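Open the model in your viewer and keep the selection box ready. Each stop below says what to pick and what is there.

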Amino acid sequence: MSDQMPDSAPQFLTVGEGEAAREIAMLVRPAQAGNGAPALVWLSGYRSDMSGTKAVELDGLAAELGLACIRLDYSGHGLSGGSFRDGTISRWLEEALAVIRHVAPDRVILVGSSMGGWIALRLAQELARQGGVTLDGPKLAGPKLAGMVLIAPAPDFTSELIEPNLRAKERKSLAERGYFEERSQYSPEPNIYTRALIEDGRKNRVLNGIIETGCPVHILQGMKDADVPHAHAMKLVEHLPADDVVLTFVRDGDHRLSRPGDIALLLSAVKGIIRSSTNRQMPA
């Protein structure tokens, strides 16, 4: 089926130069001809990839509505090259920005899960700051941000959720080995947190001032999330005073929010952002 072609045909984009170059895998579903709605952009969480349940469901919604959908694997994740241990927020942000610029949609709705929510907020800042400008080149007509849906967003998780809770053993491992490990409830392989990730996280903080996305934001947060407490979502809302923000709590929801009811909430939130973006495009 042609609808399924993007799932089986990843494209690759080289990001970075010299020793920093890495091949970033992406799945790009083109919009149906004449469909001017924003493209959906999926931003995965830490150690997640573009083939997870929520990512696939989002792509399915795009197929159903005739929308473009862009998914990518950060370096060290999924089908992409590069070492996971080299990963930092700055590096993964650079990759997401490069993929969006490469595909070059006119408007985007960013859908970020967990760490992907942090990447989404930093993308909003970079797109606004650069105004379509590359880091070392001329201005480009960059995509406009039409909205965001953030699932259990984890902005500043390194400084807000990891650093304050480090035990002496973990601090020692960071100092001596440059990383520490912790058991993962989602994988037999342990989570690895590097000193580079933590130090770089401080440079990418967003909860240290007002965040102006300039678009509607819908946050979905489980109240039984063991990884990102729901108070973190409430703190994020306080830093978005200028935006139209909806915060939906799922009383029995965990961090993943991947159950059928959770997925229905996600797709409904995305449809709501699509509707609002269409209304804003209509002449007065």
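Are lysine 172 and glutamate 176 buried or exposed? Select the two residues: lysine 172 is exposed, and glutamate 176 is too. Bear in mind that this is a predicted model.

**Stop 1: helix 6**

Keep that pair on screen. Their side chains meet in a salt bridge, 3.9 Å from N to O. The two residues are four apart in helix 6, so about one helical turn separates them. In general, an α-helix has 3.6 residues a turn, so residues three or four places apart point the same way.

**Stop 2: the sheet**

Now show the strands. Eight of them form an open sheet in the order 1-2-4-3-5-6-9-10, with mixed pairing. Strand 1 (11-15) and strand 10 (245-250) are at the edges. Each has a single partner strand, so one side of each has no neighbour in the sheet. From one strand to the next, the twist averages 20°.

Zoom in on strand 1 and strand 2 (residues 22-29). They run antiparallel and are joined by five bridges. Pick leucine 13: its bridge partner in strand 2 is isoleucine 24.

**Stop 3: a buried salt bridge**

Select arginine 22 and glutamate 95. They form a salt bridge, with the closest N and O atoms 2.6 Å apart. Glutamate 95 is in helix 3 and arginine 22 in strand 2, so look for distant parts of the chain, 73 residues apart, linked by this pair. Both residues are buried.

**Stop 4: helix 7**

Select residues 195-203, which make up helix 7. Its buried residues are Leu197, Ile198, Asp200 and Gly201. These pack against several elements, including helix 3 (89-103), helix 4 (115-130) and strand 8 (191-194).

Add arginine 202, also in helix 7, and glutamate 163, in the loop between helix 5 and helix 6. A salt bridge joins their side chains at 2.9 Å, N to O. Glutamate 163 has a relative accessible area of 19%. Buried means under 20%, so glutamate 163 counts as buried. Arginine 202, at 44%, is partly exposed.

**Stop 5: a network**

Select Asp156, Glu160, Arg205 and Lys235. Salt bridges with shared partners join these four into one network. The model's salt bridge count comes to 14.

**Stop 6: a nonpolar patch**

Switch to a surface view. Met223, Met234 and Phe249 make a nonpolar surface patch of about 240 Å². Methionine 234 lies in helix 8 (residues 230-238). Its relative accessible area is 42%, which makes methionine 234 partly exposed.

Methods:
Residues are numbered from 1 along each chain as its sequence is written. This is a predicted model: local features need pLDDT of at least 70, side-chain atom pairs count only at pLDDT 80 or more; totals for chains, interfaces and linings use all residues. Side-chain values use heavy atoms; hydrogens and water are left out. Patches are made of residues with over 30% relative accessible area and no salt bridge: like charges are joined within 9 Å, nonpolar side chains (Val, Leu, Ile, Met, Phe, Trp, Tyr) within 5 Å. Accessible areas come from the Shrake-Rupley method with a 1.4 Å probe; for residues, only the protein chains shown count as cover. Buried means under 20% relative accessible area, exposed over 50%, partly exposed in between (1.4 Å probe, protein chains only). Contact means heavy atoms within 4.5 Å. Two strands pair if DSSP finds at least two bridges between them. Axes are lines fitted to C-alpha atoms, for helices over the stretch in contact, and angles run from 0 to 180 degrees between N-to-C directions.
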